Protein chains: 2
Amino acid sequence: MERITPRTFKGTRDLLPVDMIRREELFDYVRRVYRRYGFLPLETPAVEYLDVLLGKYGTEGEKLLYRLDYKGGHVLALRYDLTVPLARVVAQHADLPKPFKRYQMQPVWRADSPQLRQGRYREFYQCDADIVGEEDRIADAEILAVIAELVDGLGMGTFHVRVNHRKILEGMVAAAGLPADAGPAVLRAIDKIDKVGEKGIESELEREGVPTEARRVLLDLLQHPSGGAAEIESLRDRLPDQPAIAEGCADLLRIWSCLDALGSGLEPYQFRLGLARGLDYYTGAVYEAFTDALPHMGSLAGGGRYDGLIAIFSGQDVAAVGATVGMDRILTALDQLGLNPPRSSVTEVMVLQWGEGSEPAALAMTGRLRRAGISTEIGYRSGKLGKQIGGVSKRGIPLVLFQGPEEAERGEWSLKVLSSGEQHTVAERDVETVVRRQIEAIAAEGSAR
Amino acid sequence: MERITPRTFKGTRDLLPVDMIRREELFDYVRRVYRRYGFLPLETPAVEYLDVLLGKYGTEGEKLLYRLDYKGGHVLALRYDLTVPLARVVAQHADLPKPFKRYQMQPVWRADSPQLRQGRYREFYQCDADIVGEEDRIADAEILAVIAELVDGLGMGTFHVRVNHRKILEGMVAAAGLPADAGPAVLRAIDKIDKVGEKGIESELEREGVPTEARRVLLDLLQHPSGGAAEIESLRDRLPDQPAIAEGCADLLRIWSCLDALGSGLEPYQFRLGLARGLDYYTGAVYEAFTDALPHMGSLAGGGRYDGLIAIFSGQDVAAVGATVGMDRILTALDQLGLNPPRSSVTEVMVLQWGEGSEPAALAMTGRLRRAGISTEIGYRSGKLGKQIGGVSKRGIPLVLFQGPEEAERGEWSLKVLSSGEQHTVAERDVETVVRRQIEAIAAEGSAR
């Protein structure tokens with residue numbers, strides 16, 4: 001038989017147990033936080049009609065979608081994000097109660113060049129939370145609060161959430177005397193502020209054909225101090241003739257007052273004119289969350305209001321606001337900070353066979369421990385105890401249980417704690433209780449560290 | 001702007017919250033059981049090279065794989081199952097410690113005609129558990145034990161697991177005087193026994209060109225009583241000259257003794273010659289689990305030993321045994337039995353705004369409850385209380401909290417239990433405690449029913 005070379009497509013990867021165990025923990029954590037805010041789970045198919053998926057992305061999307069060969073044509077493709085499928089779902093299932101708060105944690109696919117060193121893959125998970133059908137900015141505050149709590153609970157220390165508003169950016173373009181259609185180019189330039197600095201923006205704007213005087217106004221406005229409600233108010237008062245600025249500032253002040261009322265503190269939220277956020281479809285507040293522990297790491301989560309998108313499918317405007325959490329980036333950040341270390345096993349105790357004939361007792365003990373809810377493995381073969389324990393230790397299993405011939409006669413078991421080397425003799429009937437107590441002690445030690 | 005018709009590709013589906021909430025519970029349950037047996041999580045890419053995926057399926061697979069259009073060619077496709085990816089992973093990551101026990105819960109895609117009424121989709125989840133690298137039949141017993149426990153814990157009442165062995169089927173073909181290459185046709189015929197009965201098998205075998213005398217021998221053997229170790233031994237003693245029968249029976253007796261030692265009882269396990277199990281790649285024991293509550297429902301889980309498969313990638317034989325759990329079928333079965341009813345919300349308490357000006361207090365209470373770990377939503381707009389409560393009730397949220405102007409003055413809240421209509425007055429500082437107590441009472445009532 002011809003051997004097939006085992007390999008994966010570039011930009012995709014196997015998630016082996018050592019990665020998956022901590023990924024599952026992180027996904028569970030995110031799910032718990034979303035649920036605590038009343039978001040409900042949704043899943044949509046990976047395979048959708050091409051015209052549905054292209055709805056939003058237009059010509060750029062053409063290149064980034066993986067098409068399927070179906071009946072000789074290319075009418076199907078793999079989803080590119082979770083926002084377009086949400087928009088389709090809301091239009092297609094018109095009876096979903098509104099406001100519709102949903103979370104969705106599924107892979108997406110992008111046919112671009114993978115940059116594996118920066119953790120950019122062609123197949124990766126998105127974890128989104130959105131609220132559809134609520135215009136009131138209280139919904140923006142909810143999304144901001146949920147991503148702030150999410151990032152806070154990761155245990156990376158202090159963090160901040162940068163907040164801006166598309167109307168304010170629009171007002172800045174108007175204040176600079178530029179036509180509205182210069183907006184996208186200005187946005188793209190501003191979005192690079194952290195990478196290229198003010199000088200870089202100036203030359204970027206020059207390249208885009210923005211006149212000297214307009215550049216001066218824009219750069220002057222970008223000097224406006226970052227901060228909270230006071231800085232939002234002072235911007236509003238600085239440009240009283242720009243209705244878009246007034247509108248954006250009023251929105252942000254409303255969001256700030258909701259966040260204040262929620263009572264988790266306003267410290268993390270930073271109004272900041274230098275935040276634009278790439279995607280075209282935002283119409284209101286936009287935001288991105290960063291950990292202060294890793295100043296050069298990009299945003300861990302981001303989102304905004306996009307009231308126009310659903311109309312592509314429904315024919316009528318439906319308000320929508322949401323955020324996406326970058327799970328791969330969070331895992332990279334946790335790694336760099338030495339948090340959430342890799343774990344190579346979920347097993348709590350390994351029952352070993354010591355010598356011939358010990359299998360029935362080992363199997364019986366394994367069954368008992370599992371029925372007591374303890375994650376248990378059995379060593380499939382007997383062999384030298386020291387060598388077996390070495391193998392168990394390498395796999396990161398904390399406890400080993402075995403029974404020599406004399407112990408068997410006395411109805412006793414030996415329980416070895418691998419981290420300390422301690423060994424306990426336990427009466428047969430007490431094994432579940434003692435094992436559970438040891439697991440709790442090890443967990444307490446781990447969280448005390 | 002042109003409106004795009006919102007629609008899904010036939011054979012795929014949206015899983016709305018009402019389905020997803022219980023699906024997530026079922027997936028969590030399966031994950032917990034797998035982990036209790038020491039299985040570790042694995043994920044592999046949806047997109048793989050075509051030759052890798054075709055390794056096992058050959059010409060049949062050609063038709064069932066969805067290919068991707070990539071650089072004008074079709075070298076990529078969507079995975080068809082989780083077994084071939086596992087075989088690839090084991091060959092590609094040779095340093096994975098053996099035995100490698102893994103679970104994997106991911107979607108697969110099949111380009112066949114969907115049969116939506118029978119719950120057969122083109123995109124659906126598989127939930128597999130496998131043990132790679134252990135020849136000893138103790139590993140078969142572990143797989144059988146884990147699927148038995150899984151089905152048992154679903155709360156559908158009694159169940160059974162049918163067990164047979166490919167070597168025994170091989171021995172039956174030999175005993176009937178047929179050449180080994182008649183095996184697949186005989187297997188296909190036997191696999192239909194529950195659908196077509198013995199007469200049906202007889203004509204099926206006749207169509208396949210099996211001579212009269214051979215048919216008589218096969219049908220006679222199929223009369224062999226189903227059961228446990230005694231019936232396995234009597235089959236072995238009945239055909240002492242067939243080495244394949246002897247080998248298969250010895251394997252099954254070994255598995256039975258391991259299951260016995262594990263101590264959960266042998267009642268569910270049924271040795272049964274009429275079980276063949278479709279797939280070509282099995283080499284040893286095969287099994288399928290059924291609920292007795294729905295005799296006409298197909299198997300809820302199934303699997304077997306497939307020692308040859310991994311060699312396609314590794315060039316050397318690697319022992320492997322595993323099972324797959326049919327999540328969609330289990331959900332259908334739970335539905336038919338009225339278990340695991342649909343739930344339209346995960347929210348435990350809804351805080352309502354009663355009258356203008358109540359928003360800040362409602363937001364503050366929402367923040368407090370969430371920080372106490374209680375899943376809480378806030379009604380975004382104020383409005384008539386009765387109408388608001390009606391909406392909450394429809395959404396399946398059990399508790400409502402609100403504060404009228406007089407209560408606000410007294411520092412009190414009203415907590416309404418929607419199932420009973422009871423209403424409690426709660427002091428501001430006690431709200432978390434009382435809400436938690438009510439949630440526990442409702443949960444206890446639910447599980448008592």
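**Exercise 1. Find the element that holds V47(B), and decide whether this residue is buried or exposed.**

Solution. Start with the secondary structure: V47(B) belongs to strand 2 (residues 47-49) of chain B. Keep in mind as you work that this is a predicted model. Next, take the neighbour count: V47(B) has 24 other C-beta atoms within 10 Å. A residue counts as buried when 20 or more such atoms lie within 10 Å. V47(B) is therefore buried.

**Exercise 2. Work out which residues V47(B) touches, leaving out those up to four places away in sequence.**

Solution. Begin with chain B, where V47(B) touches L68(B), L76(B) and L78(B). Then turn to chain A, where the partners of V47(B) are F9(A), T12(A), W109(A) and E123(A). For one more distance, go from V47(B) to R67(B): 20 residues separate them in sequence, and their C-alpha atoms are 9.2 Å apart.

**Exercise 3. Describe how strand 3 of chain A and strand 3 of chain B are joined.**

Solution. Both strands cover residues 67-70 of their chains. Now look at the direction: the two run antiparallel, with three bridges between them. Finally, pick out a facing pair: opposite D69(A) stands R67(B).

**Exercise 4. Identify the symmetry that relates chain A to chain B.**

Solution. First, superpose the chains: a rotation of 180° with 0.0 Å of shift along its axis brings chain A onto chain B, at an RMSD of 0.0 Å. This is therefore the relation of a two-fold axis. The copies also use the same surface, since 100% of the contact residues of chain A recur in chain B. To place the axis, look for L68(A), the residue of chain A that comes closest to it, with its C-alpha at 2.2 Å.

**Exercise 5. Break down the side of chain A that touches chain B.**

Solution. Start with the totals: 79 residues from chain A and 79 residues from chain B take part in the contact. Then ask which element gives the largest share on the chain A side: helix 13 (residues 359-371), with seven residues. By residue type, this side has 39 nonpolar, 18 polar and 22 charged residues.

**Exercise 6. Locate the residues with the most contacts inside the largest nonpolar core, and follow one of them outward.**

Solution. This core has 250 residues. The residues with the most contacts inside it are L144, I147 and I310, each in both chain A and chain B. Now follow I310(B): beyond four places in sequence, its contacts are A87(B), V90(B), A91(B), V132(B), V318(B) and A320(B).

Notes
Residues are numbered from 1 along each chain as its sequence is written. Chains are lettered from A and ligands numbered from 1 in the order in which they are written. This is a predicted model: local features need pLDDT of at least 70, side-chain atom pairs count only at pLDDT 80 or more; totals for chains, interfaces and linings use all residues. Copies are superposed by least squares on the C-alpha atoms of residues with pLDDT of at least 70 in both. Two residues are in contact if their C-beta atoms, placed from the backbone, lie within 7 Å. Helices (H or I, at least four residues) and strands (E, at least two) are DSSP runs, numbered from the N terminus. Ala, Val, Leu, Ile, Met, Phe, Trp, Tyr, Cys and Pro count as nonpolar, Asp, Glu, Lys and Arg as charged, and the others, Gly among them, as polar. Two strands pair if DSSP finds at least two bridges between them. A residue is buried if 20 or more other C-beta atoms lie within 10 Å of its own, exposed if 12 or fewer, and partly exposed in between; C-beta atoms are placed from the backbone. A nonpolar core is a set of buried Ala, Val, Leu, Ile, Met, Phe, Trp, Tyr and Cys residues joined through C-beta atoms within 7 Å.
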